[in-house]
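Welcome! Here is a short briefing for anyone opening this structure for the first time. Take a moment to look around before reading on.

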Amino acid sequence: MSSKTSSPKTKTQRPSRATARLAAVQALYQREMSGDTIPKLLREFHEHRLGRTIEDTAFAPADADFFDDLVSGVAAREAEIDERIAGALAEGWTLDRLDRPMRQILRCGVYELVARLDVPRAAAISEYVDVAKAFYEAREAGFVNGLLDRIAKDVRE
């Protein structure tokens, strides 16, 4: 799971929130798989991934403060976020039924909707639909859109 850019990092590239979102999903996925602590994940991503070149692939610079907030915020509010997601799922579905990358995409999206009021509702939803498209087909991206929209109507009136 990586965010790739077709051109190497240059001085003119601005840190990107879109890149930070994708990296946050990756970091939280890694946390779920490995059990790494948040400080360890943040350090690893800052030192080795955000805006770096790995195996001849240049990764776009990420808005590091935004990345840190997403990762730390999701971790701190995970129970609340998971409750919101579970409440928005169709009858018979549970959070555990979703695969790990999908859980992280939804967690980050819900976190932005409940905690980052500086990010417009439509922008937050659209950004996580785009993140979903990096991992899934259109059907799953539509699922992300529908679920985040349902939650947004509840938390942002």
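The notes below cover confidence, one helix pair and the nonpolar core.

This is a predicted model, and the protein chain has a mean pLDDT of 87. A good place to begin is helix α5 (residues 100-115), where confidence is highest.

**Confidence**
- Across the protein chain, 85% of residues reach a pLDDT of 70 or more.
- Helix α5 has a mean of 97, while confidence is lowest in strand β1 (residues 53-54), with a mean of 58.
- Please read residues 1-12 with care: the pLDDT there is below 50, although this stretch has 26 contacts in the model beyond near neighbours in sequence.

**The pair α5 and α6**
- The axes of α5 and helix α6 (residues 121-135) come within 9 Å and cross at roughly 170°.
- Because that angle is over 145 degrees, α5 is roughly antiparallel to α6.
- On the α5 side, the contact is made by I105, C108, G109, E112 and L113.
- On the α6 side, R121, A124, I125, Y128, V131, A132 and F135 take part.
- Sorted by class, this contact has 9 nonpolar, 1 polar and 2 charged residues.

**The nonpolar core**
- The largest nonpolar core has 46 residues, and those with the most contacts inside it are F67, I85, Y128 and V144.
- Elements giving two or more residues to this core include α1 (17-34), α3 (64-76) and α7 (138-155).
- The most is given by α5, with 8 residues.
- Beyond its neighbours within four places in sequence, F67 is in contact with A20, A23, A24, A27, L42, F45, H46 and L50.

Key
Residues are numbered from 1 along each chain as its sequence is written. This is a predicted model: local features need pLDDT of at least 70, side-chain atom pairs count only at pLDDT 80 or more; totals for chains, interfaces and linings use all residues. Side-chain values use heavy atoms; hydrogens and water are left out. pLDDT is the predictor's confidence in each residue, from 0 to 100. Helices (H or I, at least four residues) and strands (E, at least two) are DSSP runs, numbered from the N terminus. Contact means heavy atoms within 4.5 Å. Axes are lines fitted to C-alpha atoms, for helices over the stretch in contact, and angles run from 0 to 180 degrees between N-to-C directions. Angles under 35 degrees count as roughly parallel, over 145 as roughly antiparallel, 65 to 115 as roughly perpendicular and the rest as oblique. Ala, Val, Leu, Ile, Met, Phe, Trp, Tyr, Cys and Pro count as nonpolar, Asp, Glu, Lys and Arg as charged, and the others, Gly among them, as polar. A nonpolar core is a set of buried Ala, Val, Leu, Ile, Met, Phe, Trp, Tyr and Cys residues joined through side-chain atoms within 4.5 Å. Buried means under 20% relative accessible area, exposed over 50%, partly exposed in between (1.4 Å probe, protein chains only).
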